[in-house]
Amino acid sequence: MALNAAVIKQRLDSSPWIQRDNEAQNIINGAEPADLKRLDVESILRLYEALTMGVGYYSNRDAAAMNRLRAHTRFQPILRTPDFGVDLVKKARPDSPNIQSQLTPKLVTRIYAAEKKRLSLLEEVGIDGSTIGRGQLSQDAYTDVKQDFKTALETCLTHASLSKMLQHAPSRPFIDMNVLDFRTYKVVIPEDYSTILSYSPAEDFVVAAYLAIRITAATRAGRSIMDSMRFAIARYHGMYTMVRNAQKAVKDDINWAPVEAELLRQGHSDEVAYVHEVVQ
């Protein structure tokens, strides 16, 4: 019989609560590596719960079984960031040439560097305003990502939260409980963006996804790829009103050069510098 969530639930439920960790050990130790690699979210959470017994005793045999589960699960630690998040976003938008060619890990890294360079003193010590995190995004931006990239966001959070949980066994930090639901044995997409910041790969994903949203909005007929990126990054940085006013002033809503000249004339030199730091 194939090992799956239904089989695991039945076997664990058939054991007295105090012996469930022993049955979890038997399930893990008796499974082939390929069986463990196929286990889904519910299966992993049920086994983890049984091995850790909530807040109970964690034996050497529990730890050994956990190590075997950790070694063979498909939810391995995410080593390459922000590559992981960027790849998920690009897979979700295969029909967008600009996203495929321009959305890169280096673009996300440059966003982080440009935002860090412009943090206020209060933001540097952790007192945030309406935008937070390395990418300085707002709750509204996160809401847009949840709507447009829900499935990919769930995939990202699933991998990020489960790999983190397995690496830190047997603890269950409170922050993880906002994502891992041990009542339904599912991963929950949090309502608040602040929760996402506990998972660096998930934050990378949200930043990349919001960049993709802005790239899509900035792509239009007659506009070059690089100008599309410049307008996208300007909008990412919250420059919509000043850019729109500049477009009206120069009577050009396609090209970046005249808009940039008008922005500089109006004294928005740092905003223009931000765009050039990110778009290279």
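This report walks through a cavity, a helix, a histidine and several salt bridges in a predicted model.

## The cavity

Let's start inside the protein. The structure holds 1 cavity of 30 Å³ or more, and the volume of the largest cavity is about 50 Å³. Its lining is made up of Lys9, Leu12, Asp13, Trp17, Arg20, Arg46, Glu49, Ala50 and Tyr185. Two elements, α1 (5-13) and α4 (41-52), are those that give two or more residues to this lining.

What classes of residue line the largest cavity? The lining has 5 charged and 4 nonpolar residues, with no polar ones. Among the charged residues there are Lys9, Asp13, Arg20, Arg46 and Glu49, while Leu12, Trp17, Ala50 and Tyr185 are nonpolar.

## Helix α8 and its cover

Next comes helix α8, which has 13 residues. From its first C-alpha to its last, α8 reaches 19 Å, close to the 18 Å expected at 1.5 Å a residue.

Which residues of α8 are buried? They are Leu107, Val108, Ile111, Tyr112, Ala114 and Glu115. The cover over these buried residues includes α6 (83-92), α7 (97-102), α14 (200-218), α15 and α18. Two of these covering helices, α15 and α18, come up again below.

## Histidine 268

Just before α18, there is a histidine to look at: histidine 268 sits in the loop between α17 (256-265) and α18 (269-278). Is histidine 268 buried or exposed? With a relative accessible area of 19%, histidine 268 is buried, because the cut-off for that class is under 20%.

Its surroundings can be described too. Once neighbours within four places in sequence are left aside, histidine 268 is in contact with Met242 and Leu263.

## Salt bridges across the chain

Side chains of opposite charge can pair when their charged atoms come close. In this model the count comes to 16 salt bridges. One of them joins arginine 118 to glutamate 277, with the closest N and O atoms 2.8 Å apart. This pair links distant parts of the chain, 159 residues apart: arginine 118 is in the loop between α8 (105-117) and α9 (121-124), and glutamate 277 is in helix α18. Glutamate 277 counts as partly exposed, at 23% relative accessibility.

Another salt bridge is formed by glutamate 191 and lysine 146, whose closest N and O atoms are 3.2 Å apart. Here too the pair links distant parts of the chain, 45 residues apart, with glutamate 191 in the loop between β4 (186-187) and α13 (193-196) and lysine 146 in helix α10 (residues 139-148). Glutamate 191 is exposed, with a relative accessible area of 57%, whereas lysine 146 counts as buried at 16% relative accessibility.

## A pair within α15, and a network

Where do arginine 230 and aspartate 227 lie? Both are in helix α15 (residues 225-236), and because they are 3 residues apart there, about one helical turn separates them. They form a salt bridge in which the closest N and O atoms are 2.8 Å apart. Arginine 230 is partly exposed, with a relative accessible area of 22%, while aspartate 227 counts as buried at 11% relative accessibility.

Finally, some salt bridges share partners: Lys117, Arg118, Asp270 and Glu277 are joined in this way into one network. The network includes the pair of arginine 118 and glutamate 277 described above.

How values were computed. Residues are numbered from 1 along each chain as its sequence is written. This is a predicted model: local features need pLDDT of at least 70, side-chain atom pairs count only at pLDDT 80 or more; totals for chains, interfaces and linings use all residues. Side-chain values use heavy atoms; hydrogens and water are left out. On a 1 Å grid over the protein atoms alone, a cavity is a set of points where a 1.4 Å probe fits but cannot get out, and a pocket is an open set with protein on both sides within 12 Å along at least five of seven lines; lining residues have an atom within 4 Å of a point. Grid points are joined across faces, edges and corners, and a volume is the space filled by probe spheres set on the points. Helices (H or I, at least four residues) and strands (E, at least two) are DSSP runs, numbered from the N terminus. Buried means under 20% relative accessible area, exposed over 50%, partly exposed in between (1.4 Å probe, protein chains only). Contact means heavy atoms within 4.5 Å. A salt bridge is a side-chain nitrogen of Lys or Arg within 4 Å of a carboxyl oxygen of Asp or Glu. The expected span of a helix is 1.5 Å times one less than its number of residues.
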